[in-house]
Amino acid sequence: MANLNRITIPKELSKRSSLKEKDKVAIAIKGKDILLIPESEDLEGVKIIGIRKLDDKGRILLPPSIIEMSSKWTPYLLDGQIYLTKDLS
């Protein structure tokens, strides 16, 4: 059975993003999207909903506050930042 609150950030996206070789990320809300920000960056003025550790396979557990049993999150890269969006299928 799949873990519905765990997502995997593909290595190709991670290498091109601000997350490269980071192990802790802040999970933030930006508009209607979720943004993963390296913990060491300036987080002033950002709505943080959790800080999580990326494992060696690029997986991260999302906080229970943003999980819905029917949700499937997909990571994407935009301007060097990793965003998560819900699949609508």
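Which residue in β3 does Lys 30 stand opposite? The partner is Asp 33. Let's look at what surrounds that pair.

First, some ground rules. This is a predicted model, where local features need pLDDT of at least 70 and side-chain atom pairs count only at pLDDT 80 or more, while totals for chains, interfaces and linings use all residues. Residues are numbered from 1 along each chain as its sequence is written, and side-chain values use heavy atoms, with hydrogens and water left out.

**The overall layout**

The chain has one helix and seven strands. Here helices (H or I, at least four residues) and strands (E, at least two) are DSSP runs, numbered from the N terminus. Going along the sequence, you meet them in the pattern β-α-β-β-β-β-β-β. Of the 89 residues in the chain, 34% are buried. Buried means under 20% relative accessible area, exposed means over 50%, and partly exposed is in between (1.4 Å probe, protein chains only).

Contacts reach across the sequence, too. A contact means heavy atoms within 4.5 Å. Take the contacts in the chain with a separation of 6 or more: 53% of them come from residues 24 or more positions apart.

**The sheet**

Five strands form an open sheet with antiparallel pairing, in the order β4-β2-β3-β7-β6. At the edges sit β4 (47-53) and β6 (73-78), and each pairs on one side only. From one strand to the next, the twist averages 30°; the axes behind such angles are lines fitted to C-alpha atoms, for helices over the stretch in contact, and angles run from 0 to 180 degrees between N-to-C directions. Two strands count as paired if DSSP finds at least two bridges between them. In general, strands of a sheet pair through backbone hydrogen bonds, either parallel or antiparallel.

Here are three of the pairings, side by side:

| Strands | Bridges | Direction |
|---|---|---|
| β2 and β3 | six bridges | antiparallel |
| β3 and β7 | three bridges | antiparallel |
| β6 and β7 | six bridges | antiparallel |

Back to the opening pair: β2 and β3 form a hairpin with two residues between them, and Gly 31 in that turn has a positive phi of about 65°. Elsewhere in the sheet, Leu 36 has Ile 82 in β7 as its bridge partner, and Trp 73 is matched with Lys 86 in β7.

How many of the six residues of β3 are buried? Five of them are, so to speak, under cover: β3 is mostly covered. One residue of β3 is Ile 37, which counts as buried at 6% relative accessibility. Beyond residues up to four places away in sequence, Ile 37 touches several others, including Leu 19, Val 25, Leu 43 and Gln 81. Ile 37 and Ser 18 are 19 residues apart in sequence, and their C-alpha atoms are 7.3 Å apart in space.

**The cores**

A nonpolar core is a set of buried Ala, Val, Leu, Ile, Met, Phe, Trp, Tyr and Cys residues joined through side-chain atoms within 4.5 Å. The largest one has 15 residues, and Ile 7, Ile 27, Ile 60 and Leu 84 are among those with the most contacts inside it. Two or more residues of this core come from each of β2 (24-30), β3 (33-38) and β7 (81-86). Apart from it lies another core, of five residues, among them Ala 26, Ala 28, Leu 35 and Tyr 83. Leaving aside neighbours within four places in sequence, Leu 84 is in contact with residues including Ile 9, Asp 33, Leu 62 and Trp 73.

**One serine worth finding**

Look for Ser 17 in the loop between α1 (11-16) and β2. Is Ser 17 buried or exposed? Ser 17 is buried, with a relative accessible area of 2%. A polar atom of the Ser 17 side chain lies 3.0 Å from the backbone oxygen of Ser 14, and one also lies 3.0 Å from the backbone nitrogen of Leu 19. For such polar contacts, the rule asks for a pair of N or O atoms within 3.5 Å; within protein, one must be able to donate a hydrogen and the other to accept it, and residues adjacent in sequence count only if both atoms are side-chain atoms. Ser 14 belongs to helix α1 and is buried at 14% relative accessibility.
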